[in-house]
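Reader: I'd like to walk through this chain with you, from the overall build down to a few single residues. Can we take it one question at a time?

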Amino acid sequence: MATSKKDLYVGTDKHRWWKEAVVYQVYPASFLDTNGDGWGDVPGITQKLDYLKDLGVDVIWISPIYKSPQADMGYDIADYEDIDPSYGTLEDVDNLIKEIKKRGMKLVMDLVVNHTSEEHAWFLDSRSSKESSKRDWYIWKPAKYDADGNRQPPNNWAQILGEANSAWTWDEKTQEYYFSLFTPEQPDLNWENTAVQNAVHDVLRFWLDRGVSGFRMDVINLISKVQTFADAEIIVKDNKYQPGDKFYANGPRLHEFLKEINRKVLSKYDTLTVGEMPFVRDEDEIIQVVGAQNEELNMIFSFDLVDIDNVPGDFKYTLHPWDARDLKRVVSRLQRLMLERDGWNSLFVENHDQPRSVSRYTDDSDEWREYGAKLLSLMQTTLAGTLYVYQGEEIGMRNVPESWGPEEYKDIESINFLKKYRDLYPGDEEKQALARKIMQRKSRDNARTPVQWTSDAHGGFTSPSSKPWMRVNDDYKSINAAAQLADPNPSPGTLSVHAFWKRALANRKQNKDVFVYGDFEVLDPEDKKVVAYRRWSEKSSFITVLNLSGEKVAWEKLGDLKVKKWVAGNYDERELEQRALGGKVELRPWEGVLGMLE
């Protein structure tokens, strides 16, 4: 097929190591416990470096391991320059960095600077009195009072991890509210204060000088708030408190703050930076952050794909129907945007805040789970952007079973969600059942069950006599890394999920001119079941065809494209040679194929 005016190959002058990298996210509490306390630790990460290197990983991103009271699993930081004893010591981290570098890999840390823990020394000082020198390091406001004289928060913004609650917390001692967008234990820093900015810059330098190669920046687009703190529009009618992201996401000084971080710190080092930026849809806003000439961040996490099953404008814990057309619109928009405006994508369908992708986008039943997991691998490894793989994704881990009771859920967001439904609908079993269904589909706990390493007790995550901090998924005896490593070809012509991922990552690197830097075109955007797209460079061209349904389909939109050879698929690959090279493409349920074009 002739190239079009949209052919915007990325020249070698724009090649960067962080564009080609495969990043593997470790959620440390659930990765591997080496001391038998039921909680994952830094030595556990070090122990699995050879496993990650063999898979094809270049960069390891670790969710927070800093000193923390663990109100939100380490995202409430009490000391940015020390390690929580539950994970180990600074010496353990230094050893991890040394061993990572020995294998030619890099380490990325999680930077959480929108908020701290309420136990951080800064906040303890800030709340000690209104005259504290650090009072203005956080956001404090006086109460409002209603017509009956009842004390009310400064505005109607909802808490993110507890949407039924206010984003403001009353402090009895100083008789003011402090802003705590996520939980009362996580007060927001006041980035309007230059001293706060400088303190954060010092935190970055501390870790970069220690040998870290970059940062995943937690909710970094929330650091600038509209200073009027006006009430949010009423969108969710049965909620007293409303989504206030219009005022606290992508605020007026965001780009100023990011440019200062880059100019004063990041530009002095060779780093990978990725910003977690929820509530971002505006393309100009995205490019202002990730545009090659804008000197802010390398890339951001765009949430369009993982928001695909949320009711638009509502909270996360909702269920919304979608089909292949929706997925294609999201993927095509972001792929074309970065190509045409010189930005860069991140690729992910899982992380510690999302349910398991095989359960979300495909069918995770015993019959179809492996096909779905490999289909999603095929999709991710053939799109442009830096690829992020979440722990356990490479073996096809899935959501917790529907049979688990609410007591098995540990996440503060899950607990708050269930409480909201109990308070809103007391005694209504139908509503309670709906809440449990939504939670099983959407809860962050789904991604936080311990990694299933073996078929031994607790999936080999901890010692048999220990109790893991969170229950291991019941399917660990059949779904675990050891079984897939021992038998990478479970049946003739097929690969295990792990072996499929390993080969797909190697193929991506071997063909980086296409899959990392090449051009992109979505094919047949209005098909409700099939996602198909073409990737090409000056050297070669490929087509990816994915059946996002549990039905057989015949896709007939190859047009004048000619398949030279089908090179990969998630069914028996011995059958690939018999597949038609032109005309229609017959696809079985959840089948994906990759073809080389003439």
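Author: Here are some questions and answers on the fold, the domains and a handful of residues.

Reader: Before we start, what kind of model is this, and how many helices and strands does the chain have?

Author: Keep in mind that this is a predicted model. As for secondary structure, the count for the chain comes to 17 helices and 22 strands.

Reader: How does the radius of gyration sit against the globule rule?

Author: For 598 residues the globule rule gives 25 Å. The chain comes out close to that, so it is as compact as a globular protein of that length. Its C-alpha trace spans about 75 × 55 × 50 Å along the principal axes. The radius of gyration itself is 24 Å.

Reader: What share of the residues is buried, and what share of the contacts joins residues at least 24 apart?

Author: Take burial to begin with: 61% of the 598 residues count as buried. For the contacts, the pool is pairs of residues at least 6 apart in sequence. Of those, the share joining residues at least 24 apart is 71%.

Reader: And the surface: how much of it belongs to carbon and sulfur atoms?

Author: The accessible surface of the chain is about 23200 Å². The part belonging to carbon and sulfur atoms is 48%.

Reader: How far apart do the centres of the positive and negative side chains lie?

Author: There are 79 positive side chains and 99 negative ones in the chain. Take the centre of each set, and the two lie apart by 3 Å.

Reader: Which domains is the chain divided into, and how many residues does each of domain 1 and domain 2 bring to their contact?

Author: Domain 1 is made of three stretches, 17–114 + 194–402 + 447–485, while domain 2 covers 121–179, domain 3 covers 403–442 and domain 4 covers 519–597. The C-alpha centres of domain 1 and domain 2 are 29 Å apart. Their contact takes 22 residues from domain 1 and, from domain 2, 20 residues.

Reader: Let's zoom in on α8. Which elements are among those covering its buried residues?

Author: Helix α8 runs over residues 254–264, and its buried residues are Leu254, His255, Phe257, Leu258, Glu260, Ile261 and Asn262. The cover over them includes α6 (194–210), β11 (214–217) and α9 (283–290).

Reader: Just past that helix is Leu266. Is it buried or exposed, and what does it touch?

Author: Leu266 sits in the loop between α8 and β12 (272–276). Its relative accessible area is 4%, under the 20% cut-off, so Leu266 is buried. Gly214 is 52 residues away in sequence, yet the C-alpha atoms of Leu266 and Gly214 are 8.4 Å apart. Beyond four places in sequence, the contacts of Leu266 are Leu204, Leu208, Phe215, Met217, Ile261, Thr271, Thr273 and Glu296.

Reader: Now α3. How far is Leu55 from Ala506, C-alpha to C-alpha?

Author: Leu55 belongs to helix α3 (residues 49–55) and counts as buried at 2% relative accessibility. Setting aside residues up to four places away, Leu55 touches Tyr24, Glu394, His498, Trp501, Lys502 and Leu505. Ala506 is 451 residues from Leu55 along the chain, but their C-alpha atoms are separated by 8.7 Å.

Reader: Tyr51 is in that helix too. What does it touch?

Author: Tyr51, in helix α3, is buried with a relative accessible area of 11%. Not counting residues up to four places away in sequence, Tyr51 touches Tyr24, Glu394, Ile395, Trp453, Ala481, Leu485 and His498.

Reader: What about Phe301: which residues is it in contact with?

Author: Phe301 lies in strand β13 (residues 299–301). With a relative accessible area of 2%, Phe301 is buried. Leaving out neighbours within four places, its contacts are Trp61, Arg216, Val274, Gly275, Glu276, Met277, Ser346, Phe348 and Tyr388.

Reader: Last one, on backbone angles. What is the phi of Phe229, and what is the phi of Asp342?

Author: Phe229 is in the loop between β11 and α7 (245–248) and is buried at 8% relative accessible area. Asp342 is in the loop between α10 (324–341) and β14 (346–347), and is partly exposed at 25%. Neither is a glycine, yet phi is positive in both: for Phe229 about 50°, and for Asp342 about 60°.

Conventions. Residues are numbered from 1 along each chain as its sequence is written. This is a predicted model: local features need pLDDT of at least 70, side-chain atom pairs count only at pLDDT 80 or more; totals for chains, interfaces and linings use all residues. Side-chain values use heavy atoms; hydrogens and water are left out. Helices (H or I, at least four residues) and strands (E, at least two) are DSSP runs, numbered from the N terminus. The radius of gyration is taken over C-alpha atoms; the globule rule is 2.2 Å times the number of residues to the power 0.38. Buried means under 20% relative accessible area, exposed over 50%, partly exposed in between (1.4 Å probe, protein chains only). Contact means heavy atoms within 4.5 Å. Accessible areas come from the Shrake-Rupley method with a 1.4 Å probe; for residues, only the protein chains shown count as cover. Lys and Arg count as positive and Asp and Glu as negative; His and the chain ends are not counted. The place of a charge is taken as NZ of Lys, CZ of Arg, CG of Asp or CD of Glu. Domain bounds come from an automatic or database domain assignment.
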